Amino acid sequence: GKTLGILGCGRMGQSTAKIGLGIGMRVVAFDPFIDSAHLELEFFDGQTVNFTIDTISKEDVLKQSDFISLHVPAQEEYVISTKEFEIMKPGAGIVNAARGGVIDEKALIEAIDKGVISNAALDVFENEPQPEIQLLMNRNISLTPHIGAATQEAQNRIGEELAVQIIEILN
């Protein structure tokens, strides 16, 4: 029943949206390059359900979302800083598993301290591999290492994708 906001609706954003939909969340998304995403949820018994998510403005995603998940490439400037935290729904949570430096970590700590943001989960940081002590010591921030691609399945998929690309180039 909560609203999940996706910033960046590419492959990873769409995968996250599927999880949100699967657990009964309303999903809203912003992506400057995608107007809508067509998602198919596959269930264990072969049934499928199709969804279309039309992207909306970044500001509307921030205003509506109980949880925000970032899936954006590295940027010149912060995607989320003081201005964005002020727009967010009071008590929202935020997750960054995209790239370090897309969230202004000082502004994040201030937003948590002021109660604007209730919690955050980060597995990428501005100063990798040594996050700031204020992040490490904040009880409302969950920190994990950025190792999602370190699984055997992910490594196999990367190898297959590279092989396909090499074959396409050579042909």
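Modeller: A pocket here is an open set of grid points where a 1.4 Å probe fits, with protein on both sides within 12 Å along at least five of seven lines. Keep in mind that this is a predicted model.

Colleague: Thanks! How much space lies in the second largest pocket?

Modeller: With that meaning of a pocket, the volume is the space filled by probe spheres set on the points. For the second largest pocket this comes to about 190 Å³.

Colleague: Which element gives the most to the lining of that second largest pocket?

Modeller: The lining includes Ser15, Thr16, Ile19 and Gly20, along with Phe67, Ile68 and Ser69. H1 and S5 each supply at least two lining residues. The most, four residues, come from H1.

Colleague: And by class, how many charged residues are in that lining?

Modeller: Seven of the lining residues are nonpolar and four are polar. Glycine counts as polar here. The number of charged residues is none.

Colleague: Back to the helix: how far apart are the end C-alpha atoms of H1?

Modeller: H1 runs over residues 11–22, which makes 12 residues. At 1.5 Å a residue it should span 16 Å, and the model agrees, with the ends 17 Å apart.

Colleague: Why do the buried residues of H1 line one face of the helix?

Modeller: Those residues are Gly13, Thr16, Ala17, Gly20 and Leu21. In an α-helix there are 3.6 residues a turn, so residues three or four places apart point the same way. Seen down the axis of H1, the buried residues therefore line one face, falling within an arc of 140 degrees.

Colleague: Which residues are exposed on the other side of H1?

Modeller: Exposed means over 50% relative accessible area. On the side of H1 away from the buried face, the exposed residues are Arg11, Ile19 and Gly22.

Conventions:
Residues numbered from 1 in each chain as written. Predicted model: local features only at pLDDT ≥ 70, side-chain atom pairs only at ≥ 80, totals over all residues. Heavy atoms only, no water. Expected span 1.5 Å × (residues − 1). Buried < 20%, exposed > 50% of the residue type's maximum accessible area, 1.4 Å probe, protein only. Arc of directions from axis to C-beta. 1 Å grid on protein atoms, 1.4 Å probe; cavity = no way out; pocket = protein on both sides within 12 Å on 5 of 7 lines; lining within 4 Å.
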